[in-house]
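Here is a short note on the internal space and the ligand site. Please read it with the model open.

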Amino acid sequence: MPRPSPAPPLAPLEPIRWADDHLRLLDQRALPVVTADVLCASAADVADAIREMVVRGAPAVGIAAAYGVVLDARAGRDFDDARRVLAASRPTAVNLGWALARMAAVTPRTPGALLAEAQSIHREDLVQNLRMGELGAALLPDGATVLTHCNTGALATGGHGTALGVIRTAHRQGKLAGVYHTETRPWLQGSRLTAFELMHEGIPAQVIVDGAAAHLMRARHVDWVIVGADRIAANGDTANKIGTYALALAARAHGAKFMVVAPSGTFDLGCASGEGIPIEERSVDEVVTVRGQRFAPEGVRGFNPVFDVTPAGWIDAIVCERGVIVAPTEQRVRAMLG
Ligand code: MRU
C-alpha cells in the first residue's frame, strides 16, 4: 500500500512528482484542508492511489500510471503485470490506457528509457494544456462569464489544466468577467479543488450546488460552459464527470455555448460512440457519507455512476492541442485526430 508522508506547502500545484526511487502523489482526498503526499514504490501502489482517488483527473491518472510502470521496471518486476494492474485501476478515462500503450511501445524497455517516456508524457501534457488554453480562450467573448464542472486544473493534469486551463488563460488575457463552478457531488472536486485553484490564482469565482446550474443559466447570464473529458468517442460523444450531460442540456436550453477541452490522448477512435464508453460506478457510501460520517438512513440503496456521456450534438466545440473541432461529427473528429 502507498505510505502517507508529510509534504511541502502547495505552491506550485504539483500533484505528481518523480523522486528517483518513488513517486510522490499529492493526496487530493485531503485537499485543501490538509496538504500531504502519498509515496508509491510500485505499480500496485500507484494503481491503489488511482483507485482511491489520491490522484484523479484523466491526464493526471495517465501520467501517474506511466511512472507506475517505471517503478516496477526499476524493481525488475514484469512489465505486463504492471500494465495489467494499472489498466484495471479505473475504467473510464482512456488517458490511462493511452499512456500505458505509449510505455509499451518503448524499446528497449530499460528503466531509463521508460522513465524518459513517462517524463515526456508528463511534460507534453503541460505544453498541450497551454496550447488548448490559447485556443479555447480565443472562442470566448470579452467579459465572458463561464461555468465549469469538476476539477480540470493543475491538480488533474500535468499543469495549467484543460477546461480550467482555458479559464486561466482567458483570465490572464483579461477576458473573463467571472467564473461559476459546481461543487461536484459526491467527491466535491469543484468546491475543494477547483475553488482552491481559482483562489490560488486570484480568479473571481463563485461555487454553486450542482442542482443550481440550470437556474443559474436562466437567472444570470452564462456565455460558455467549459468542461474537460475522460474519453471522447470517434463521433465526438464525450464522457466526463457525472452531471456534465445535464449541464449541456441546460446550456442549449438557455443559449449558453458548450465547450469540451481535452488533449488528443483523451480521444478513443476505436470507440465508435458514447455507447461503447465504460462508465465507472463507485460505492453508494460515497453518496451517503461525508468524510466517513453517514447522513442517510442505514441500508439506503443507491446508484453512483461517476461519469456520464454528453452526445456530440449538444457540444459546440471540442478544443484539443491540434485545433478546435466545431460542432463535432465523426468526420470532423477523424479529420483533426488523423
Ligand atoms: O473522478 P475524477 O475526479 O477523476 O473525474 C475527473 C473529471 O471528470 C475531469 O473533468 C476530467 O478528468 C477531465 S479534465 C482533467
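**Cavities and ligand contacts**

1. Helix H5 gives four residues to the lining of the second largest cavity, the largest share from any element. Bear in mind that this is a predicted model.

2. H5 spans 111-137 and is not alone here. H2 and helix H4 (95-104) also supply at least two residues each to the lining of the second largest cavity. The space inside the second largest cavity is about 80 Å³.

3. Which residues line the second largest cavity? They are Pro 59, Gly 62, Ile 63, Asn 95, Trp 98, Arg 102, Ile 121, Glu 124, Asp 125, Gln 128, Pro 263 and Gly 265. By class, this lining has five nonpolar, four polar and three charged residues.

4. Now the overall count. The model has three cavities of 30 Å³ or more. The largest of them has a volume of about 170 Å³.

5. The largest cavity has 22 lining residues. Gly 57, Ala 58, Asn 151, Asp 230 and Asn 240 lie nearest its centre. The lining comprises 10 nonpolar, eight polar and four charged residues.

6. Which helix and which strand each supply at least two residues of the lining of the largest cavity? They are helix H2 (58-74) and strand S10 (238-241). H2 also supplies at least two residues to the lining of the second largest cavity.

7. Why does the largest cavity lie between domain 1 and domain 2? Domain 1 (16-127) and domain 2 (131-337) both contribute residues to its lining, so the cavity sits between them.

8. Next, the ligand. It is surrounded by 18 residues. Arg 56, Ala 58, Arg 90, Gln 189 and Lys 241 are the closest.

9. Three contacts involve oxygen atoms of the ligand. A polar backbone atom of Ala 58 is 2.8 Å from a ligand oxygen. An N or O atom in the side chain of Asn 240 is also 2.8 Å from an oxygen atom of the ligand. For Lys 241, a polar side-chain atom lies 2.7 Å from a ligand oxygen. The ligand has 410 Å² of accessible area on its own, and the protein covers 99% of this.

10. Two residues deserve a second look, as they recur in both parts of this note. Ala 58 is among the residues nearest the centre of the largest cavity, and its backbone makes a 2.8 Å contact with a ligand oxygen. Asn 240 is also among those nearest the cavity centre, and its side chain has an N or O atom 2.8 Å from an oxygen atom of the ligand.

Note on methods:
Residues are numbered from 1 along each chain as its sequence is written. This is a predicted model: local features need pLDDT of at least 70, side-chain atom pairs count only at pLDDT 80 or more; totals for chains, interfaces and linings use all residues. Side-chain values use heavy atoms; hydrogens and water are left out. On a 1 Å grid over the protein atoms alone, a cavity is a set of points where a 1.4 Å probe fits but cannot get out, and a pocket is an open set with protein on both sides within 12 Å along at least five of seven lines; lining residues have an atom within 4 Å of a point. Grid points are joined across faces, edges and corners, and a volume is the space filled by probe spheres set on the points. Ala, Val, Leu, Ile, Met, Phe, Trp, Tyr, Cys and Pro count as nonpolar, Asp, Glu, Lys and Arg as charged, and the others, Gly among them, as polar. Domain bounds come from an automatic or database domain assignment. A residue is near a molecule or strand if one of its heavy atoms lies within 4 Å of it. A polar contact is a pair of N or O atoms within 3.5 Å; within protein, one must be able to donate a hydrogen and the other to accept it, and residues adjacent in sequence count only if both atoms are side-chain atoms. Accessible areas come from the Shrake-Rupley method with a 1.4 Å probe; for residues, only the protein chains shown count as cover.
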